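Hi everyone, thanks for coming. I'd like to walk you through one structure today, so please have a look at it first.

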Amino acid sequence: MSPYGRTKVFLEHVIKDLCSASVYKQQEYLKEIETKDKVQNGSAVNGSSVNGSSVNGCNGCSNNSKKNYVWSAVLLRYFNPAGAHPSGIMGEDPQGIPNNLMPFLAQVAVGNLEKLSVFGKDYPTADGACIRDYLHVLDLAQGHVAALEKMDKEQAAGNHDCWAYNLGTGTGYSVFDMIKAFNKAVGRELPYVVTGRRPGDVPNLTADPRLANKELDWKAEKTLDEMCADLWRWQRNNPHGYNTNPTSIS
Ligand SMILES: O=c1ccn([C@@H]2O[C@H](COP(=O)(O)OP(=O)(O)O[C@H]3O[C@H](CO)[C@@H](O)[C@H](O)[C@H]3O)[C@@H](O)[C@H]2O)c(=O)[nH]1
């Protein structure tokens, strides 16, 4: 189901159940934006693709709901969630070959995959690789708590609206930066090969998170090193994700 379809079903259920507030993610449909600058809160989503027009539909849907009901919504634009719980017992468990950079690197590190393919080294960036804004999953979780707290506060004051926030660190790292940082966590150099560009990738997607910093009183706190160390702890302890035999956990 498309993002629009999922939002519509979700809103219908929420309205039916007489709930009046929601927080949900806009994850990475910002990928539809071609930009050299940081992605602003007000940045328009390009509606020319299926994802873009679907997200525009979601926004309209939330805004319309707000007009017709006593309704508030917070739309969270995630940038690139990465890392794992610092305990090493909770993390991402992709089914099949991962599409995303960090889970792929983690699979290479435990020997489940042979090497990383770096998708393109001819982008207009310092080292030629794409730049993304990687955000620790715990910071992302805190962003949700902050959004819920904001809604509680606004609802208590009688304010109903639809707010959107970028959840990112505001700092971009290239694919090579990420390989280097993860190598450091693992303690050795992971193999990679440079291949062609992946269709749909844009050179740089880095958040401008200032509105979330201000209005949600939220800021990403975790460092790149913590993100990589936590991801590696999870993957090393659980080379086969949640199917790992517990006796093998050190
Ligand atoms: O095996 C990989 C995976 C990713 N990358 C690069 O790493 C960066 C980050 O990639 P990823 O973790 O996939 O994040 P996004 O580029 O932000 O990808 C989003 O956008 C993609 C296509 O638009 C979707 O396929 C993904 O699921 C979605 O997370 C990008 O420059 C990719 O080209 C590689 O070089 N090799």
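I'll start with the whole chain, then go through the core and its helices, and end with a few single residues.

One thing to say up front is that this is a predicted model. The chain has 250 residues, and 46% of them count as buried. DSSP-wise, there are 7 helices and 10 strands. If you take the contacts between residues at least 6 apart in sequence, 82% of those join residues at least 24 apart.

Now to the inside. Which residues have the most contacts within the largest nonpolar core? They are M102 and F182, in a core of 28 residues. Four elements give two or more residues to this core: the helices α3 (101-109), α5 (175-186) and α7 (224-237), along with β4 (116-119). There is also another core, lying apart from this one, with 15 residues, and you'll find Y78, L140, W163 and Y165 among them.

Let's stay with M102 for a moment. If we set aside its neighbours within four places in sequence, M102 is in contact with A82, Y134, M178, F182, C228 and L231. As general background, nonpolar side chains in soluble globular proteins tend to be buried together.

M102 belongs to α3, so how many residues of α3 are buried? The count is 9 of its 9 residues. By name, these are L101, M102, P103, F104, L105, A106, Q107, V108 and A109. As for what they pack against, the partners are β3 (80-82), β4, β6 (134-136), α5 and α7. After α3 comes G111, which has a positive phi, near 85 degrees.

Next, the helix pairs, and I'll take α3 with α5 to begin. Their axes are 11 Å apart, and the packing angle is about 40 degrees. An angle like that makes α3 oblique to α5, and the crossing is right-handed. On the α3 side, the contact is made by L101, M102, L105, A106 and A109, and on the α5 side by V175, M178, I179, F182 and V186. By class, that is 10 nonpolar residues, with no polar and no charged ones.

Now α3 with α7. Here the angle is about 50 degrees and the axes are 10 Å apart. That makes α3 oblique to α7 as well, with a right-handed crossing. From α3 we have M102, A106, Q107 and A109, meeting C228, L231, W232 and Q235 of α7. This contact divides into 6 nonpolar, 2 polar and no charged residues.

That leaves α5 with α7. Their axes come within 9 Å and cross at roughly 55 degrees, which makes α5 oblique to α7. Once again the crossing is right-handed. M178, A181, F182, K184, A185 and V186 in α5 meet L224, D225, C228, A229, L231 and W232 in α7. What classes do the residues of this contact fall into? There are 10 nonpolar, no polar and 2 charged.

Let me finish with three single residues, beginning with I131. I131 sits in strand β5 (residues 131-132). Is I131 buried or exposed? With a relative accessible area of 18%, I131 is buried, because the cut-off for buried is under 20%. Not counting residues up to four places away in sequence, I131 touches T125, G172, Y173, S174, P203, N204, L205 and T206. Of these, take Y173: 42 residues separate I131 and Y173 in sequence, yet their C-alpha atoms are 5.1 Å apart.

The second is D217, in the loop between α6 (210-215) and α7. D217 counts as exposed, at 70% relative accessibility. What I'd point out is its backbone: D217 has a positive phi, near 50 degrees, in a residue other than glycine. For context, most residues other than glycine have a negative phi.

The last is S87, which you'll find in the loop between β3 and α3. S87 is partly exposed, with a relative accessible area of 36%. The C-alpha atoms of S87 and R188 are separated by 22 Å, and those two residues are 101 apart along the chain.

That's the tour, and I'm happy to go back to any part of it.

Technical notes:
Residues are numbered from 1 along each chain as its sequence is written. This is a predicted model: local features need pLDDT of at least 70, side-chain atom pairs count only at pLDDT 80 or more; totals for chains, interfaces and linings use all residues. Side-chain values use heavy atoms; hydrogens and water are left out. A nonpolar core is a set of buried Ala, Val, Leu, Ile, Met, Phe, Trp, Tyr and Cys residues joined through side-chain atoms within 4.5 Å. Buried means under 20% relative accessible area, exposed over 50%, partly exposed in between (1.4 Å probe, protein chains only). Contact means heavy atoms within 4.5 Å. Axes are lines fitted to C-alpha atoms, for helices over the stretch in contact, and angles run from 0 to 180 degrees between N-to-C directions. Angles under 35 degrees count as roughly parallel, over 145 as roughly antiparallel, 65 to 115 as roughly perpendicular and the rest as oblique. A crossing is left-handed if the near helix is turned anticlockwise from the far one by less than a right angle, and right-handed if clockwise. Ala, Val, Leu, Ile, Met, Phe, Trp, Tyr, Cys and Pro count as nonpolar, Asp, Glu, Lys and Arg as charged, and the others, Gly among them, as polar.
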